[in-house]
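Hi there,

Here is the structure I promised to pass on to you. Have a look at it first, and then read on for my notes.

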Amino acid sequence: AAGVAACAARRYDAVLMDLRMPGVDGIEAGRRIRAAAAGAAEAAPRLVGLSAEVRAEERDRAMGAGFA
């Protein structure tokens, strides 16, 4: 949730985010960041997700949420 709020308050070129966090997980946070920047693609930061998860399904979920 703090990352979403920070991205709403100012522009970042990139956001490095753990995909497994308490409260709002990284994938949901990424979706919220992308949704807030909808219509202004140049304002959306590049999302880079980190995870110990190795399943293809988890990678696909992250990519679907806009992570690089």
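Below is what I found, going from the whole chain to one helix and then to the surface.

Please keep in mind that this is a predicted model. The protein chain has three helices and two strands, and from the N terminus they follow the order α-β-α-β-α. The C-alpha trace spans about 30 × 20 × 15 Å along its principal axes. A compact globule of 68 residues would have a radius of gyration near 11 Å, and the protein chain agrees with that at 11 Å. Of the contacts between residues at least 6 apart in sequence, 62% join residues at least 24 apart. As for burial, 28% of the 68 residues count as buried.

Helix 2 (residues 26-36) is a good place to start looking. Its buried residues are Gly26, Ile27, Ala29, Gly30 and Ile33. These cover an arc of only 160° around the axis, so they sit on the same side of helix 2. In general, an α-helix has 3.6 residues a turn, so residues three or four places apart point the same way. The buried residues of helix 2 pack against helix 1 (2-9), strand 1 (14-18), strand 2 and helix 3 (56-64). On the face turned away from the buried side, you will find the exposed residues Ala35 and Ala36.

On the surface, the protein chain exposes about 4,400 Å², with carbon and sulfur atoms supplying 57% of it. Leu16, Val48 and Leu50 form a nonpolar patch there, with about 270 Å² of accessible area together. Leu50 belongs to strand 2 (residues 46-50) and is partly exposed, at a relative accessible area of 46%.

Enjoy exploring!

Best wishes

Terms used: Residues are numbered from 1 along each chain as its sequence is written. This is a predicted model: local features need pLDDT of at least 70, side-chain atom pairs count only at pLDDT 80 or more; totals for chains, interfaces and linings use all residues. Side-chain values use heavy atoms; hydrogens and water are left out. Patches are made of residues with over 30% relative accessible area and no salt bridge: like charges are joined within 9 Å, nonpolar side chains (Val, Leu, Ile, Met, Phe, Trp, Tyr) within 5 Å. Accessible areas come from the Shrake-Rupley method with a 1.4 Å probe; for residues, only the protein chains shown count as cover. A salt bridge is a side-chain nitrogen of Lys or Arg within 4 Å of a carboxyl oxygen of Asp or Glu. Helices (H or I, at least four residues) and strands (E, at least two) are DSSP runs, numbered from the N terminus. Buried means under 20% relative accessible area, exposed over 50%, partly exposed in between (1.4 Å probe, protein chains only). The arc is that of the directions from the helix axis to the C-beta atoms. Contact means heavy atoms within 4.5 Å. The radius of gyration is taken over C-alpha atoms; the globule rule is 2.2 Å times the number of residues to the power 0.38.
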